[in-house]
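User: I am new to this structure and would like a close look at one part of it, the way its elements pack against one another. Please go through the contacts slowly, and then add what can be said about a few single residues.

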Amino acid sequence: MKINVQTKLSSYDIIIEKGIFSNLDKLIKERLNPQKVFVITDKNVWNEYGTKIEKTIEALSIEYCINIVDPGEESKSISSAELIINQLVKKNIGRGDLIIAIGGGVVGDLSGFVSSIYMRGIDFINIPTTLLSQVDSSVGGKTGVNLELGKNLVGTFYQPKLVVIDPYFLKSLNDRVFRDGMAEVIKYALIKDRELFEILSKNDIDSIQNDMETIIARCCNIKKNIVQNDEFDKGERMILNFGHTLGHAIESYYSYERYTHGEGVAIGMHRISELAVGQNLISKELFNSIHTLIEKYGLPVFDEKILDEDLLEFIKHDKKNIDGEIKIVLVNDIGESKIMDVEMDFFRGGLLGGY
């Protein structure tokens, strides 16, 4: 399946097909003519697929090198970006060459950021290997690294030349990492796709895996349409942040050690909806539907140790905080969402959940 993304500045394809990674050399040669390739991946992906990656890259019959980073959010930093850039210089990678990201969201975000600033821009291809990165972070051109006070506070908008999504990679994901990706799938269902919500409601964590190509394509199509309308996150694209304001704050609070991104987003979706019920912004019935679906896929809905107050310092540094008001996303019906401006007091509610 091919999905074409057309933005004001670029056009690229998202290819979704089981086994497509083995044909990467053909996909690249059809679209680009690099002299050298610089691959960025992480240790987990390399340990699982290193032989397959090397064989596939060798099929290009050009010079290549592979840079392996540590897995996890700690690698999504300015210092990591600097280390990679120094390697690019040492390997004489130029503007006519190509960076290929093979990994989850951390590898994709880090690689995209490096690609956007090295020599003021070098081509890159994103090959996401986790469910979360396949349905969300690999599409749309957002790159970024984290700072101590918040997630993705440094970054750029920089579109890839190609996104290659091979569901084959999902077979090696452990249960927690797969559920992590399901949080973003649930987000798409809640904000934009009632039919996807029904599909998720009728299935469970085991049976849903039989429909992953369809699920991935639905999510990518939603994001494609939103990105084409709002490439630089000034309007409609903000609905993709449902659950993320609190989710990012929770991740930062625990220094990215307690929760995965998807788990943070799951708690964030649940808590923002719980706060909205308390302020009569959404119905209790809608909240119950959100709660039931998140729990159905084994994701957390609250943290018994954090006070909402504890997160305010991180929320204050959120990119959506403008003059003391912050834009939040609420689901006002299944498959429908809205963006609202609220003051910081909106988030003062005691413990972080406890439904």
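Analyst: In this predicted model, a good place to begin is the contact in which Phe197, Leu200 and Ser201 of helix H7 meet Ser289, Leu293 and Lys296 of helix H11. Sorted by character, the residues of this contact of H7 with H11 divide into three nonpolar, two polar and one charged. The two helices, H7 spanning residues 194–202 and H11 spanning residues 284–296, pack at an angle of about 55°, and their axes lie 10 Å apart. Because angles from 35 to 65 degrees fall outside the parallel and perpendicular ranges, H7 counts as oblique to H11. The crossing of H7 and H11 has a left-handed sense.

A second pair can be set beside this one, namely helix H9 (residues 244–253) and helix H10 (residues 261–278), whose axes come within 7 Å and cross at roughly 130°. H9 and H10 are therefore oblique to each other as well, but the crossing of H9 and H10 is right-handed, whereas that of H7 and H11 is left-handed. From H9, the residues taking part are His244, Leu246, Gly247, His248, Ile250 and Glu251, and from H10 they meet His261, Gly264, Val265, Ile267, Gly268, Arg271 and Ile272. The residues of this contact of H9 with H10 divide into five nonpolar, six polar and two charged.

Turning from helix pairs to single residues, Asp136 is found in helix H5, which covers residues 131–137. Asp136 has a relative accessible area of 9%, so this residue is buried, given that the cut-off for buried is under 20%. Leaving aside residues up to four places away in sequence, Asp136 touches Glu184, Lys187, Tyr188 and Lys223.

The cysteines can be read in a similar way, starting with the finding that a search of the whole structure gives zero disulfides. Cys220, accordingly, is in no disulfide, and the nearest cysteine sulfur to it, that of Cys219, is 7.0 Å away, while a disulfide needs the two sulfur atoms within 2.5 Å. With a relative accessibility of 0%, Cys220 counts as buried. Cys65 also counts as buried, because its relative accessibility is 14%.

Technical notes:
Residues numbered from 1 in each chain as written. Predicted model: local features only at pLDDT ≥ 70, side-chain atom pairs only at ≥ 80, totals over all residues. Heavy atoms only, no water. Axes fitted to C-alpha atoms, helices over the stretch in contact; angles between N-to-C directions. Helix = DSSP H or I, 4+ residues; strand = E, 2+ residues; numbered from the N terminus. Parallel < 35°, antiparallel > 145°, perpendicular 65-115°, else oblique. Left-handed = near helix turned anticlockwise from the far one by under 90°. Contact = heavy atoms within 4.5 Å. Nonpolar A, V, L, I, M, F, W, Y, C, P; charged D, E, K, R; others polar. Buried < 20%, exposed > 50% of the residue type's maximum accessible area, 1.4 Å probe, protein only.
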